[in-house]
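Please look through the structure shown here, beginning with its cysteines, moving on to the nonpolar interior and ending at the ligand.

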Amino acid sequence: MEKRLLKTEPLEGKFMLGAIEAGGTKFVCAVGDNLGNITEKIQIPTTVPNETMQQVIEFFKRFEIEAIGIGSFGPIDIDQESKTYGTITSTPKTAWRNYPIVEAMRNAFHVPVGFNTDVNAAALGEATFGAAKGLDSCLYITVGTGIGAGAVIQGKLLQGLSHPEMGHILLRRHPDDPYQGKCPYHHDCLEGLAAGPAIEDRWGEKGINLVERQEVWDLEGYYIAQALMQYILILSPKKIILGGGVMNQKQVFASIYKHLEGLISGYVTLPELSSYIVNPGLGDRAGIIGSLLLAEQALQDKTQRES
Ligand code: ADP
Ligand code: ZN
């Protein structure tokens, strides 16, 4: 039988599902259904695995959930053939390194567990219920503490050896930007130049306090536009969704449109940029709703294996 990793076809009926959006500062846990409804939601601080996971498990024990979906910070191991499948791999949060989060949830609940990156979950959420609803492809990018992207292509989450790491691509430097970059691995990759901490480090203030500084947001758009250019040329997504704290600065969108237009230079025909590159339709719920869909897919995979 063809091994399909992910599908966007809904299950027939309504199921009670659990979802975890596992982040570096907090875990959002929710109970809801496969139609995108959330009935209960809590936040748990990300400390050490024992402490955080105990609270996570306590929360879900109150419900009769049929499957769990986890959208996690990464990098993570999502290769189902791998010995270390279901673990968080090389996070700077050392207590979580190699932590087998899928196994922990399976052992506690004995239900199917879906596992993918937080941004892949968000891409799935947006493709199913959000700004890319009805489309079979989209790209979801977060510009926050880090930069990451997830892609739905031909109705499935993009996966190769592992999940893509689109936040770490290399860019052409702005000639007037001497900032060395903040990525511990690559210095001046996209994340190193344009994530929230890089903005703060370069300009000496948090982004939220730089609203009036036009040059900050122009440079931000300059880098993000270059990244979008690469993603568009390689993946040709039907919609691009930009979330994360930094994208609350609406002026970045204007800068992205301006720079992207110059870069693309008419070579490929794109929809009107203001409707092509947009904020998440699900707001800050894209990741958690997408995680419910990861749960649905885990349940679907189990049903298929048994039939
Ligand atoms: P995380 O990526 O940790 O999930 P966020 O998406 O909120 O969380 O990203 C946090 C980063 O975004 C921080 O570097 C913060 O300074 C920046 N940020 C948050 N809100 C804003 C805002 N309104 N304007 C500019 N930058 C912001
Ligand atoms: Zn990097």
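Cys-29 has a relative accessibility of 0% and therefore counts as buried, since the cut-off for that class is under 20%. Cys-189 is likewise buried, again with a relative accessible area of 0%. The model, which is a predicted one, holds 0 disulfides; a disulfide would be a covalent bond between the sulfur atoms of two cysteines.

The largest nonpolar core is made up of 41 residues, and those with the most contacts inside it are Ile-141, Leu-228, Leu-242, Ile-256, Leu-260 and Ile-277. Helices and strands both contribute to this core, for the elements that give it two or more residues are the strands β6 (138-143), β7 (147-153) and β9 (240-243), together with the helices α4 (190-194), α5 (196-203), α6 (214-235), α7 (251-264) and α8 (273-276). Of these elements, α6 gives the most, with 12 residues.

Which residues surround ligand 1? They are Gly-144, Thr-145, Gly-196, Pro-197, Gly-207, Ile-208, Gly-244, Gly-245, Val-246, Asn-248 and Gln-249, a shell that divides into 3 nonpolar and 8 polar residues, with no charged ones. Within this shell, a polar side-chain atom of Thr-145 lies 2.6 Å from an oxygen atom of the ligand, while Gly-245 places a backbone N or O atom 2.8 Å from a ligand oxygen atom. Gln-249, by contrast, has a polar side-chain atom 2.9 Å from a nitrogen atom of ligand 1. On its own, ligand 1 has 560 Å² of accessible area, of which the protein covers 65%.

Note on methods. Residues numbered from 1 in each chain as written. Chains lettered and ligands numbered in written order. Predicted model: local features only at pLDDT ≥ 70, side-chain atom pairs only at ≥ 80, totals over all residues. Heavy atoms only, no water. Near = heavy atom within 4 Å. Polar contact = N/O pair within 3.5 Å; in protein donor to acceptor, adjacent residues only side chain to side chain. Areas by Shrake-Rupley, 256 points an atom, 1.4 Å probe, with all protein chains shown as cover. Nonpolar A, V, L, I, M, F, W, Y, C, P; charged D, E, K, R; others polar. Disulfide = S-S within 2.5 Å. Buried < 20%, exposed > 50% of the residue type's maximum accessible area, 1.4 Å probe, protein only. Core = buried A, V, L, I, M, F, W, Y, C linked by side-chain atoms within 4.5 Å. Helix = DSSP H or I, 4+ residues; strand = E, 2+ residues; numbered from the N terminus.
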